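I opened the model to look up a sheet, the helices that pack on it and a few side chains. My entries follow in the order in which I looked.

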Amino acid sequence: MIRGPVLPQSRESLWSLVAGRLESIEQGLHLVLESLDCSHGQLGAIDGLARDAANGPVLVVLAHDGDPLVLARTLGALDFLARVGDALAVAIPEAQFASGSEGRVLVVGADHSAATLEQVGRQPMAGLHVCRLEPFRIAGSERFAVRWLRRGTEGMGATGPLVMASASAVEFAAPPALASLWQSLRELCLRIDGSVRIDGDRFRRRITWHGHPLAEVVVVAGNLIGTSGDGRSITLATAMDLRTFSDRILRVYAQRAGLAIERPDPVAASEAAEQDTAPRHAGSGRNGAVARSDSLRSVAAAARLSPEEYSALGSPTSAVGGEAEGAAVADDVARIVAAQESPWAPRGRTD
């Protein structure tokens, strides 16, 4: 049974709930201190000072329609960061901020904050992020979904209505030095199958296929950490790390999708190799290359590896038929894609 709302209606009770669950709002967001006065007592204290996954300062402001000073406190917090944000690492050493981080302001509201969120979101200020918590109760447990808000037209200063951004539209803040590595991984995942989806928050990306988790990539202290659907994690720092991780994703996908590649009998396949390989390669195009527009699922479904081909792709012919079927299927899928892919050149665009 689903019902709502269940979030507290007062600012104080809402903060008591949100303060301990900041990581539910954004991956890696941790509360450092509460009640930060950055306006010399004129506007009252903002609710909290947090550290994000990039070790940058985040000033958290709760929005409530019954509080007329929310906008003033938000603007005061932005001004405070503009003046001293890059010095907070030295001024508050226990917060463990990265040196030189300028920070941002996060305004959090709920169902009783619609008017205030609209007012705050109308401000054309860099470093201002606005989200709305959508509460519900399911199976006796209190939950809330997080919806990030932005202007209905391009640009922070646009005058369009405030709308909820889809999870896939939220910007992923990959570390600058690893942006091209992330982009290469993203593009490879989207080529696996047209139903693969990538979404998440500022410091987390979930890679799924029809709801099945294939992998998750998170930012932790300036690093990219990838965890494949089989539970194994790896720090993504080099092209070799990327190939290793993408191989794991392909194997998980093959298992989830139930791809069955027939592994031929070594003797029978050897006798039929010359007759079988040439027509199939001719149908695939020059040099046996499969059209780039084909998804991995269609490529794998049509593929049948002969012992000679299997050996050419990197494994001895004697291995054919000798492994467990699930692992063998994933192995063939990974090899097919690896054989088609040229070395990945870094891209400059980020998600």
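**Sheet and hairpin**

I began with strand S11 (residues 212–220) and strand S12 (residues 223–228), which run antiparallel and are joined by six bridges. The model I am reading is a predicted one. For a register point between these strands I noted Ala215, which stands opposite Ser228 in S12.

I then followed S12 into S13. These two strands pair in the antiparallel sense over four bridges, and Ile225 stands opposite Thr235 in S13. S12 and S13 form a hairpin with four residues between them. In the turn I found Gly231 with a positive phi of about 90°.

I looked at where the side chains of S13 point, and they alternate along the strand. Ile234 and Leu236 point to one face and are buried, whereas Ser233 and Thr235 point to the other face and are not buried.

Next I traced the whole sheet. It is open and made of five strands in the order S9-S10-S11-S12-S13, with antiparallel pairing. Strand S9 (196–201) and strand S13 (233–236) are the edge strands, each pairing on one side only. From one strand to the next I read an average twist of 20°.

**Helices on the sheet**

Which strands does H6 touch? I listed S9, S10, S11, S12 and S13, and the direction of H6 makes about 140° with that of S9. H7 also packs on the sheet, where I listed contacts with S10, S11, S12 and S13. The direction of H7 makes about 155° with that of S11.

I checked the length of helix H6 (residues 179–192). Its 14 residues reach 20 Å from the first C-alpha to the last, close to the 20 Å expected at 1.5 Å a residue. I also checked its cover: 11 of the 14 residues of H6 are buried. The buried residues include Leu181, Trp182, Leu185, Leu188 and Ile192. Polar and charged names are on that list too, among them Gln183, Ser184, Arg186 and Glu187.

**Aromatic pairs**

How many aromatic pairs does the structure hold? I found two aromatic pairs. One of them is Phe172 with Trp182, which is tilted, at 4.8 Å centre to centre and 55° between the planes. Phe172 sits in the loop between strand S8 (162–164) and H6, and Trp182 sits in helix H6, 10 residues apart. Phe172 counts as buried because its relative accessibility is 2%, and Trp182 counts as buried at 1%.

Trp209 and Tyr253 form an edge-to-face pair, at 5.5 Å centre to centre and 80° between the planes. Trp209 lies in strand S10 (residues 204–209) and Tyr253 in helix H7 (residues 239–257), so this pair ties together parts that are 44 residues apart in sequence. I read 9% relative accessibility for Trp209, which therefore counts as buried. Tyr253 is buried as well, with a relative accessible area of 0%.

**One acidic side chain**

Last, I looked up Asp47, which is found in strand S3 (residues 46–51). Is Asp47 buried or exposed? The cut-off for buried is under 20% relative accessible area, and Asp47, at 9% relative accessibility, therefore counts as buried. I then asked what its side chain reaches, and found the backbone nitrogen of Leu62 at 2.8 Å.

Definitions and conventions:
Residues numbered from 1 in each chain as written. Predicted model: local features only at pLDDT ≥ 70, side-chain atom pairs only at ≥ 80, totals over all residues. Heavy atoms only, no water. Buried < 20%, exposed > 50% of the residue type's maximum accessible area, 1.4 Å probe, protein only. Polar contact = N/O pair within 3.5 Å; in protein donor to acceptor, adjacent residues only side chain to side chain. Expected span 1.5 Å × (residues − 1). Phe/Tyr/Trp six-rings, centres within 6.5 Å; stacked < 30°, edge-to-face > 60°. Pairing = 2+ DSSP bridges. Axes fitted to C-alpha atoms, helices over the stretch in contact; angles between N-to-C directions. Contact = heavy atoms within 4.5 Å.
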